[in-house]
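Welcome! Take a moment to look over the sequence and the 3D view, and then we can walk through them together.

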Amino acid sequence: MKKTLLALALAAWIPAALADAETYNIDNSHSFANFSIRHVVSRLSGTFPDVTGKIVIDRADLSKSSVDAKINVLSVNTSLAKRDEHLREKPEYLEPGKFGQMTFVSTKVEAKGKDKDKDEGVLYGKFTLHGVTKEIAFPFKVLGFGADPWGGERAGFEAHTTLNASDYGFGWAAKPNGPVGTEIEVTLLIEGVKEKAK
C-alpha cells in the first residue's frame, strides 16, 4: 500500500516538476558568438553567426537550467573575406578541417541572488575549442521572454567571458610580443525559440 501511494505521489510530482522547465532551440539566424582581440595596438572584432543547440530553462529556479550549444568554426566573419580565409586556412589559427566545431555543455547554473536578480547568474560548463576542453564560466543575463510575430515564443540571453588563446593550443599565442593578443573577449547574444508541446 505504501509503495502504491509513493508511486502515485511521484507520478503526480514528476509532470509538475517537468512543467517548470521550458526548452528553447537556439535560432542561428538571430544568435551570435561575438569576439574581440588585440591587434597590434588596437582591437579586432568578429563573430561566429552559426550557433545551434538547446537551452532548458526553469524561470522559477535558474539553477535547474542547462545549455548544450555548438558553434560552426567555418562561419567566422570579421567583415573582411581575405582575413576570414586566413583564419580558416593558416595552421596557427582555427583549423576547421580538424576542429570544425566549438561546443559547450553546461554542468551547473548558479542563480544570482536568492530573492532578487533572478534573471542573472553564472553558467558553468565544459567548453571545447581547437580540440581542447576546459571548464569555463559565463556570467549571463536573461533578456526576456515573449511572443514572436509568427505564433511562437522566444527567449533572449546575453553572456560574457574571457578566454586565453594559449589555453587552447593556438600557434599565434606562443609567439612573444606577437601582433595578435592572447586574451579573447567573448559576448554571446542568443535568441531561442520555444519548443511546442508534443
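## A pair of buried rings

Let's begin with two phenylalanines: F35 and F48 are both buried. Their rings form an aromatic pair of the tilted kind, with 5.5 Å from centre to centre and 40 degrees between the planes. F35 belongs to strand β2 and F48 to strand β3, so this pair ties together parts that are 13 residues apart in sequence. Please keep in mind that what you see is a predicted model.

## Another aromatic pair

The structure holds 4 aromatic pairs, and a second one to look at joins F127 and Y168. Their ring centres are 5.8 Å apart and their planes stand at 75 degrees, so this pair counts as edge-to-face. F127 sits in strand β7 (residues 120-129), while Y168 is in the loop between β9 (153-164) and β10, so parts that are 41 residues apart in sequence are tied together.

Are these two residues buried or exposed? F127 has a relative accessible area of 6%, which is under the 20% cut-off, so F127 is buried. Y168, at 2% relative accessibility, counts as buried for the same reason.

## The nonpolar core

The largest nonpolar core has 43 residues, and those with the most contacts inside it include F48 and F127, along with W172. Strand β10 (residues 180-194) gives the most to this core, with 5 residues.

Which residues does W172 touch, leaving aside its neighbours within four places in sequence? W172 is in contact with I37, E92, Y93, A165, V180, G181 and I184.

## Charges over rings

Now look for places where a charged end meets a ring. The charged end of R59 sits over the ring of F145, 3.7 Å from its centre. In a second case, the charged end of K108 sits over the ring of Y124, 4.7 Å from its centre.

## Two positive phi angles

V40 is not a glycine, yet its phi is positive, near 55 degrees. You will find V40 in the loop between β2 (32-39) and β3 (42-48), and it is partly exposed, with a relative accessible area of 46%.

E95 also has a positive phi, near 50 degrees. E95 lies in the loop between α2 (81-89) and β6 (101-111), and at 15% relative accessibility it counts as buried.

## How confident is the model?

The protein averages a pLDDT of 88, and 87% of the residues score at least 70. Among its elements, strand β5 (residues 66-72) has the highest mean pLDDT, 98, and helix α1 (residues 2-19) the lowest, 45.

Over residues 2-18, pLDDT stays under 50, and the model has 1 contact beyond four places in sequence for them. Where pLDDT is low, predicted coordinates should not be read in detail.

Conventions:
Residues are numbered from 1 along each chain as its sequence is written. This is a predicted model: local features need pLDDT of at least 70, side-chain atom pairs count only at pLDDT 80 or more; totals for chains, interfaces and linings use all residues. Side-chain values use heavy atoms; hydrogens and water are left out. Helices (H or I, at least four residues) and strands (E, at least two) are DSSP runs, numbered from the N terminus. Buried means under 20% relative accessible area, exposed over 50%, partly exposed in between (1.4 Å probe, protein chains only). pLDDT is the predictor's confidence in each residue, from 0 to 100. Contact means heavy atoms within 4.5 Å. A nonpolar core is a set of buried Ala, Val, Leu, Ile, Met, Phe, Trp, Tyr and Cys residues joined through side-chain atoms within 4.5 Å. Rings of Phe, Tyr and Trp (its six-membered ring) pair if their centres lie within 6.5 Å; planes under 30 degrees apart count as stacked, over 60 as edge-to-face and the rest as tilted. A charge sits over a ring if NZ of Lys or CZ of Arg is within 6 Å of the ring centre and within 35 degrees of the ring normal.
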